[in-house]
Amino acid sequence: MTLIHSIFNNLISVADINNPYFGQNLDKYKIAINLFDRVPIQWYAIMILMAVVLSVVIGYFGFAKRLGLTSDHLFEGVLICVVAGIVGARLWFVVANILEEKTASEFVNQNYIPNLKAIIGITENGLALEGLAISGGVIFAGIALAIFCKYRKIKTLYLFEIVLPLIMISQVLGRWGNFFNFEAHGGFIFVNGMENLDIAKSISENVIGSSERILPLEILEKQRDFLWFFPDVMKDRMFIEYEGIWGYCHPCFFYEGLANFLGFTGYMLLRRFVKKGLYVGDGVSFYLIWYGTVRFFIEMLRTDAQMINGTGIKVVMIYTPIMIILGVVWLIVRRVKKIQLITCYDALYGMDSTILLNPNESKNKKNKKKEKEVIIVTDEDNKNEE
C-alpha cells in the first residue's frame, strides 16, 4: 500500500502545473509579429528599438537641442551609432561564442573558416536581430560617436556625458527583450524546503501526458510566491527548463534592469541639483563603474552566460573588472591633471552653454538658409505680381 500510495502521489497532470509554457518549444513565444506570415519580428527586436527611441528622445529634447544640436545632427549621429552598435554587439557575441567550445562550431568550422551567414545572423526565417552583446555595442557605438563629434565639430566629452547614462536606461528596456526570449535568467529560486531536498530523487518523472521532468509541486508554489512582484503572466515566463528540469528561475534580467534604473535615476538627479564637484565626463566613469559592478555580480547568478573554453571562467567576469578600473582611473586622473573640469550643472543647464565647438558657424548657416528662403519667397511673389 505504501508503494502504491507513493506512486499515486508522484503522478502529476499537466493541468496541475497550470503553466502555458510547460513542455512547449519556447521559440514560438519569442515572436511578436509575423508580417505576411513570412517575416517574423521578435519581441527582442521591438524592445531594442524602443530603447533606442527612448534614449534619443530624452537625449535630444532634454539636453542636446537646448545646447545647440540640430535635427541633422540627431539623424546622422543616431544612424551612425546604431549601425556601429549593432555591428559591434554582433561581433562581440560571435567572438565570445567562438571562445566557447560548445557553440564555436556554429560560426567557424574545424579549419576555422568563418560561416558568414551565421556571423551576420541570417537564419532560415531571415535576418534575426538576436545574439547581441551590449558591451560590444557600447564600444563600437562609442568609437563611432567620437568620430562623429570630430567630423561635426561637437564637444566630445559633452556628448558622452549625455549619452553614456542614457545607455543605462536603454539597457533596462533591452533586458526585457531577454525576458521575452527566456534568456538572462539564473538557476532555480532557492526556497524553504530545498535545503535537504535531493532534487535528483524528488523530481516527478511521471507527469501524465508528458515526458518532462519538474520540481515537486510544493516547491514550485513557493518559488512562484517568491516572484510576488510579477503579475501572473510574467511569473509564467520564469517557468523555464534548466538542466533538463522545469522550475522557476531567478529573473536576472529584472535584477540588472532594476539596478540600472536606480543608477540612471540617481545620477540624473545628482547631475541636475549638485552644482559643484560633478564634472562633464563623469558620466563615463559612472557608467563604467556602476554597470561594471552590477553586471559582475548579476553574472554570478546567471546560468546562460558565455564561458571561455576550458577555463570555467565567464567572459563577463574578465572585462567587467577592467571597466571598473578604467572608470576609477578616469575619475581620478582628470581631477589630478585638471582635464576639462567644467561642472555638469554649468555645462548642461547653464544659460549660455553650448555643445558645439563653433556655435557662431552654425548660426551663420541657419541665417544663410533663412535668407535663401526669403529670397525664394520674394521671387515667387514678384512673378505672381507680374
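Me: What share of the contacts with a separation of 6 or more comes from residues 24 or more positions apart in this protein?
Reply: In this predicted model, residues 24 or more positions apart account for 75% of the contacts with a separation of 6 or more, where a contact means heavy atoms within 4.5 Å.

Me: Why is Thr 320 called buried?
Reply: The relative accessible area of Thr 320 is 0%, and the word buried is used for values under 20%, so Thr 320 counts as buried. Across the protein, 42% of the 386 residues count as buried.

Me: What makes the approach of the Thr 320 side chain to the backbone oxygen of Val 316 a polar contact?
Reply: The side chain of Thr 320 reaches that backbone oxygen of Val 316 at 2.7 Å, and a polar contact needs a donor and an acceptor, each N or O, within 3.5 Å, so the pair fits the definition. Thr 320 itself lies in helix α14, which covers residues 316–336, and Thr 320 also touches Gly 292, Arg 295 and Phe 296, leaving aside residues up to four places away in sequence.

Me: Which residues form the nonpolar patch on the surface?
Reply: The patch is formed by Phe 75, Leu 79, Val 83, Val 87, Leu 91, Ile 139, Phe 140, Ile 143 and Ile 147, which together have about 830 Å² of accessible area. The elements giving two or more residues to the patch are α4 (71–99) and α7 (134–152).

Me: Which helix gives the most to the nonpolar patch, and where does Ile 143 lie?
Reply: The most comes from α4, with five residues, while Ile 143 lies in helix α7.

Definitions and conventions. Residues numbered from 1 in each chain as written. Predicted model: local features only at pLDDT ≥ 70, side-chain atom pairs only at ≥ 80, totals over all residues. Heavy atoms only, no water. Helix = DSSP H or I, 4+ residues; strand = E, 2+ residues; numbered from the N terminus. Buried < 20%, exposed > 50% of the residue type's maximum accessible area, 1.4 Å probe, protein only. Patch = residues over 30% accessible without salt bridge, like charges linked within 9 Å, V, L, I, M, F, W, Y side chains within 5 Å. Areas by Shrake-Rupley, 256 points an atom, 1.4 Å probe, with all protein chains shown as cover. Salt bridge = Lys/Arg side-chain N within 4 Å of Asp/Glu carboxyl O.
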